[in-house]
2 protein chains.
Amino acid sequence: MKPLPDSVRAFVDAARVCRIATVRTDGEPHVIPVCPVYDGDTTLYVDIGPKSTTARALEHEPRITVLIDEYDADWTKLRKVILRCTAEAVTGVAQERVWEQIRTTYPQYASVEWSPRLTMALRISGWLQEGIVSPAH
Amino acid sequence: MKPLPDSVRAFVDAARVCRIATVRTDGEPHVIPVCPVYDGDTTLYVDIGPKSTTARALEHEPRITVLIDEYDADWTKLRKVILRCTAEAVTGVAQERVWEQIRTTYPQYASVEWSPRLTMALRISGWLQEGIVSPAH
């Protein structure tokens, strides 16, 4: 995989919501919004309900596609990154580290009693972007 | 299918972006942002590139899932609608009618030379929503 440019990493890192698409066991696509955290390199982390449609889909098909985009009525400002990933569960100390980052990034989690559920590492194996321009050097 | 409540219809109608998930021929999920128009009932319309990954996916698997959601740092304000749909191409007079609605809804289309490409009717066969509360009567 071509390395993610710094401009794309910064865009992914700043995202407070992304949309994740999976394939259900019956072959139908599924998509939900989730709040991610990013390791700055090739892994995004999300926490999902262990009995959710997304969790059940990932048991059957671990490939998952992540969309991070910003809509603007000014279409010259549209930006998006699509990340092709493979999901794997994170447990134990690794999960606790992810949750430290989640708590820091989303202090509002405390208000909704959101505690660790099924924490998934989404390993990026491919990507494409549109509209994200690196700052001039 | 249970009819869409007025509150959900209003939410869908107001959306200027949605995310649509499809399944590629190799079984991998795909998701992109698009600008929809809505007939107010059980059909959403989107226009996509005829050679895009989404178009190729739909040739193989017409089932498509639409996510319309609003993110807010205040998690009590999170809202989403997921629409399970089947896609079919719209041509001729029907396509021109959809495009009249697109031109009205998105006047900025003129600035990007966006003209009719592959216009798809997404027929809603199932839905779920979270966070959308009907106004009290």
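Visitor: What percentage of the 137 residues of chain A count as buried?

Guide: This is a predicted model, in which local features need pLDDT of at least 70, side-chain atom pairs count only at pLDDT 80 or more, and totals for chains, interfaces and linings use all residues. Residues are numbered from 1 along each chain as its sequence is written, while chains are lettered from A and ligands numbered from 1 in the order in which they are written. A residue is taken as buried if 20 or more other C-beta atoms, placed from the backbone, lie within 10 Å of its own, as exposed if 12 or fewer do, and as partly exposed in between. By that criterion, the buried part of the 137 residues of chain A is 30%.

Visitor: What mean pLDDT does chain A have?

Guide: pLDDT is the predictor's confidence in each residue, on a scale from 0 to 100. In chain A, 97% of the residues reach 70 or more, and the mean is 95.

Visitor: Which radius of gyration does chain A have?

Guide: The radius is taken over C-alpha atoms, and the globule rule is 2.2 Å times the number of residues to the power 0.38. For 137 residues a compact globule would come near 14 Å, and the value for chain A agrees with this, being 15 Å.

Visitor: How many residues of chain B are in contact with chain A?

Guide: Two residues are in contact if their C-beta atoms, placed from the backbone, lie within 7 Å. On this basis 27 residues of chain A meet residues of chain B, whose number is 27.

Visitor: Which relation do the two chains have?

Guide: Copies are superposed by least squares on the C-alpha atoms of residues with pLDDT of at least 70 in both. Chain A falls on chain B, with RMSD 0.0 Å, after a rotation of 180° and 0.0 Å of shift along the axis. That is therefore the relation of a two-fold axis.

Visitor: Which residue of chain A comes closest to the rotation axis?

Guide: The same surface serves both copies, since 100% of the contact residues of chain A recur in chain B. Judged by C-alpha position, the residue of chain A that comes closest to the axis lies at 3.0 Å from it, and is A:A21.

Visitor: Which residues have the most contacts inside the largest nonpolar core?

Guide: A nonpolar core is a set of buried Ala, Val, Leu, Ile, Met, Phe, Trp, Tyr and Cys residues joined through C-beta atoms within 7 Å. The largest one has 58 residues, and those with the most contacts inside it are A:V66 and B:V66.
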